[in-house]
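Visitor: I would like a close look at a single part of this structure, please. Could you take me to the place where the protein meets its RNA, and then on to what lies beside it?

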Amino acid sequence: MQDKVLELAIRRGFIYPSYEIYGGVGGFYDYAPLGAILKKKIEDKWRKIFCIEEGFYEIHCPTIAPEEVFIASGHVKNFVDPLVTCENCRESFRADHLIEESMNISASNMSYEEMSKLVKQISCPNCGKKAFGDVYSYNLMFKTAIGPGGKRTGYLRPETAQNIFILFNRLYEFSRKKLPFGITQIGKAYRNEISPRQGLIRLREFTQAELEYFFDPRNESIDRFKLYENEKLRLLTRENKEFEITAKEAVEKGILINEIFGYFLALTKRFLVEVGIDEKRIRFRQHLKEELAHYARDCWDAEVFTERYGYIEVVGIADRGDYDLKAHERHSNVEMKAFVSYEKPVTIKMKVFELNLKEIGKTFRKKAKEIIKELENADEKLIEEFEKKGFVKVCNEVLDSRFLKVKEVEKKVHGEKVVPHVIEPSFGIDRILYCVLESAYRERNGKKILSFKPDIAPISVAVFPLVSKDELKDIALELLRKIRARGIYAIYDEKDSIGRRYARVDEIGVPFAITVDFDTLKDSTVTVRFRDTTEQVRISTAEVVDVVEELVNGKIKFEELKMKK
RNA sequence: GCAGCCGUAGUCUAGCCUGGUAGGACACUGGCCUUCCAAGCCAGUGACCCGGGUUCAAAUCCCGGCGGCUGCACCA
């Protein structure tokens, strides 16, 4: 049986298992009407915190990419598990783990052939027989073909990040060629999980919200850090120590390697709290060395404690260093660097080759271009060699003083090119949405309530006539129209008793209900009811739309409204 | 991917062993009633996961698939 939260989410239209009429497919969920609004509100909260307030911009890119992208990024090679299956009992194992455990040697750099040989000597931990087949790789990326004929291999992206790295030069230009800058993307990513389970926790198609923060590796401070430096963070370090500490202290003590980590951990916590997750359930866990992704130098996961699944990872904040930009530089032959100016230009004396281009051209013809390039980029070693021997060998040609000589030049250097480093907070929106649902779930007298924050709830307001009579209905419908005109999601219901209608909207987490009753006809006031306490206040029909808008936006709280009245 | 258990309206479930008209509760829809927290009355919609086999006859027995749960394995 499915758990209560998932059951409610499916029954009341937050999510549906996908492709049900054809038997369903594991690892895919539809966002139903209420879930789609909830997801959008969570994403908009993320945009507010990680884009608008930070001055970072969001981009949207294709979800299909040509093979080259993931060859460069390392996903084709590294996004795989070497598996081996016992021919006797059909049990599958990670081949490298098997070898490491039973032979006590490191298998991380072994080829599949080597592993296949070794694995034959190992008894199956399940049935005890030596019956392992060959080691095969299982790549978690979905493969597809671009265009007719299947000539060009493509993959569905396993993370949104690569698109941003590929666009580095464009985005650097857009950012007025200044570090640091941040670019975000909210979009779908795909991983062909071996066994997706646990509802929204492990999906084959999921939504990521990612920020790539590009910075000069020699300057790891971040101005805005002081805004969040006193935020308390619960950390679980690689050494398995768990404690609470302020962001500032964690950086000062070197637990977090720089202010940027401190800043994004604090910002992440703020986001999770603002969508309605209890801060007591949030912790940041540092990845173990062997757990790190192929691109990561360090990584802290934000984990949320759930009743259903225990601690689950909802955010990964990774220091990707210069791994990705360098990888794409190498594979695409496009330079991906930022120019960082020095505070003052530096004058340096250096030796360079002065070339006799005419002579080189005449002598080496077509090869000249290549030779010139080599000599222009010559390093100290080569120049030294020339000074010692009187000639150098470049591109298999010998060049002596007829072609070049050494001269000393003074150069004013204004700065240098650096490959920016990247710190990447990456959010799993679907998992966060589950945490939001679970955090909001309550039971009251046997009735189920989703106690969303007012600005996160999919439907913000319900409007009811106390009983289904025309004179009350007309007023209620007019209020409904006015509320909707403000861009607020509102619903109307006149069926069944008022108590039943309150219960119905409590179950989908509508925070406020307006009821038109017989007093409304006398004094033009209506009641506004708050979901979490069932308390009511009377507000004039003239004011109620403004008041409700403030309540929904969180500008005032219901308790404050109650005090005023 | 392996193993065990499971799959009946929107939900929870009876029926399955022992083959023969699939029953209930809640929810939902229409109507009546109803002056604030799942009231009542009347009427109604709605289901055997898919495919194959056995049989005169399959929700029920058998096989395969799909899906779910649990365990193992995996999870950047």
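Guide: Happy to. One term first: the domain bounds used here come from an automatic or database domain assignment. On that basis chain A is divided into domain 1 (2–79 + 140–324 + 423–429), domain 2 (343–418) and domain 3 (459–564). Please keep in mind that this is a predicted model. The centres of domain 1 and domain 3, taken over C-alpha atoms, are separated by 38 Å.

Let's begin with the RNA. RNA strand B is surrounded by 47 residues, and the closest are Phe 79, Arg 94, Lys 447, Arg 500 and Arg 504. Sorted by class, this surface has 15 nonpolar, 15 polar and 17 charged residues. On the RNA side, 50% of the strand B atoms within 4 Å of the protein belong to sugar or phosphate, and the rest belong to bases.

Several elements help to build that surface. Helix 1 (4–11), strand 6 (92–94), helix 18 (498–507) and strand 27 (525–530) each supply at least two residues. Helix 18 gives the most, with six residues.

Now for some individual side chains. Lys 447 turns up again here: one of its polar side-chain atoms lies 3.1 Å from a phosphate oxygen of RNA strand B. Two other residues have polar side-chain atoms placed beside bases. For Thr 527, the distance to a base nitrogen of RNA strand B is 3.0 Å. For Arg 529, a polar side-chain atom is 2.7 Å from a base nitrogen of the strand.

From the RNA we can step across to the protein's own interface. Helix 1 and helix 18 both contribute to the surface near the RNA, and a salt bridge connects Arg 11 with Glu 507, where the closest N and O atoms are 3.2 Å apart. Side chains of opposite charge can pair when their charged atoms come close. Across the interface of domain 1 and domain 3, the rule finds two salt bridges. It also finds three residue pairs in polar contact there, with both residues at pLDDT 80 or more. On the side of domain 1 that touches domain 3, helix 1 and helix 2 (33–52) each supply at least two residues. The largest share of that side, three residues, comes from helix 2. By class, this side of domain 1 has four nonpolar, no polar and three charged residues.

How much area is involved? The size of an interface is often given as the accessible area lost when the parts come together. Between domain 1 and domain 3, the buried area is about 630 Å², and carbon and sulfur atoms give 58% of it. In domain 1, the residues that lose the most area to domain 3 are Arg 12, Leu 34 and Ile 37, which together make up 60% of what that side buries. Counted by contact, seven residues of domain 1 meet six residues of domain 3.

Helix 2 has one further link worth a look. A salt bridge joins the side chains of Lys 45 and Asp 455, at 2.7 Å from N to O. Lys 45 sits in helix 2, while Asp 455 is in the loop between strand 23 (447–450) and strand 24 (461–465), so the pair links distant parts of the chain, 410 residues apart. A search of the whole structure finds 62 salt bridges.

Note on methods. Residues numbered from 1 in each chain as written. Chains lettered and ligands numbered in written order. Predicted model: local features only at pLDDT ≥ 70, side-chain atom pairs only at ≥ 80, totals over all residues. Heavy atoms only, no water. Near = heavy atom within 4 Å. Polar contact = N/O pair within 3.5 Å; in protein donor to acceptor, adjacent residues only side chain to side chain. Helix = DSSP H or I, 4+ residues; strand = E, 2+ residues; numbered from the N terminus. Nonpolar A, V, L, I, M, F, W, Y, C, P; charged D, E, K, R; others polar. Contact = heavy atoms within 4.5 Å. Buried area = accessible area lost by both parts, 1.4 Å probe. Salt bridge = Lys/Arg side-chain N within 4 Å of Asp/Glu carboxyl O.
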